[in-house]
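Biologist: I would like to go through this structure with you step by step, beginning with the words we need and then turning to the chain itself.

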Amino acid sequence: GATERLSRVNGTFRALGAGVAGVLQQAPWTGLIGIGLFAAAADWKGYNNGFGIDVDTDASLYGGVVSLRGDYTLRNGFFAGLGLDLAAGVVGGKEAKNASSPTGDMVTIYIPLGWTY
């Protein structure tokens, strides 16, 4: 891998996943563990400050994901928690061309907030 510093960056990120999950509940605590398949892709344009050139590229990652999440629900139905998705798969796009082993991983940490009824 390589690290580049870009300025004037414009791009998009897309993700799609599907899977199954089990939920465990003990009083106000709820836990979730799940497995599934996912696809994530990003494309961006920017200016490479170090080389003085414009960059136009894209990358994608397809594979499996494991999800872990825990929530606490208050009496009024409001819940807050912490989630972690660990994913690994095959990399595609311009960034993976001519790579000897195009694999990658993704870690997503999130804070679910909301109300339940």
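Modeller: Let us fix one term before we start: a residue is buried under 20% relative accessible area, exposed over 50%, and partly exposed in between, with a 1.4 Å probe and protein chains only. This is a predicted model, in which local features need pLDDT of at least 70, side-chain atom pairs count only at pLDDT 80 or more, and totals for chains, interfaces and linings use all residues. Residues are numbered from 1 along each chain as its sequence is written, and side-chain values use heavy atoms, with hydrogens and water left out.

Biologist: Is alanine 88 buried, partly exposed or exposed?

Modeller: Alanine 88 is found in strand β4, where a strand is a DSSP run of E with at least two residues, a helix is a run of H or I with at least four, and both are numbered from the N terminus. Its relative accessible area is 44%, so alanine 88 is partly exposed.

Biologist: How far apart in space are alanine 88 and aspartate 105, C-alpha to C-alpha?

Modeller: Contact means heavy atoms within 4.5 Å, and, leaving aside neighbours within four places in sequence, alanine 88 is in contact with residues including Phe38, Tyr62 and Asp105. Although alanine 88 and aspartate 105 are 17 residues apart in sequence, their C-alpha atoms are separated in space by 4.1 Å.

Biologist: Is serine 60 buried or exposed?

Modeller: Serine 60 lies in strand β3, which covers residues 53–73. Beyond the residues up to four places away in sequence, serine 60 touches Ala40, Ala41, Val90, Val91, Gly92 and Gly93. Because its relative accessibility is 12%, serine 60 counts as buried.

Biologist: Which strands each supply at least two residues of the largest nonpolar core?

Modeller: A nonpolar core is a set of buried Ala, Val, Leu, Ile, Met, Phe, Trp, Tyr and Cys residues joined through side-chain atoms within 4.5 Å. The largest one has 5 residues, namely Phe38, Ala40, Leu61, Val65 and Ala87. At least two of these residues come from each of β2 and β3.

Biologist: What is the radius of gyration of the protein chain?

Modeller: The protein chain has 0 helices and 6 strands. The radius of gyration is taken over C-alpha atoms, and the globule rule is 2.2 Å times the number of residues to the power 0.38. For 117 residues that rule gives 13 Å, and the chain is more spread out than a compact globule because its value is well over this, at 19 Å.
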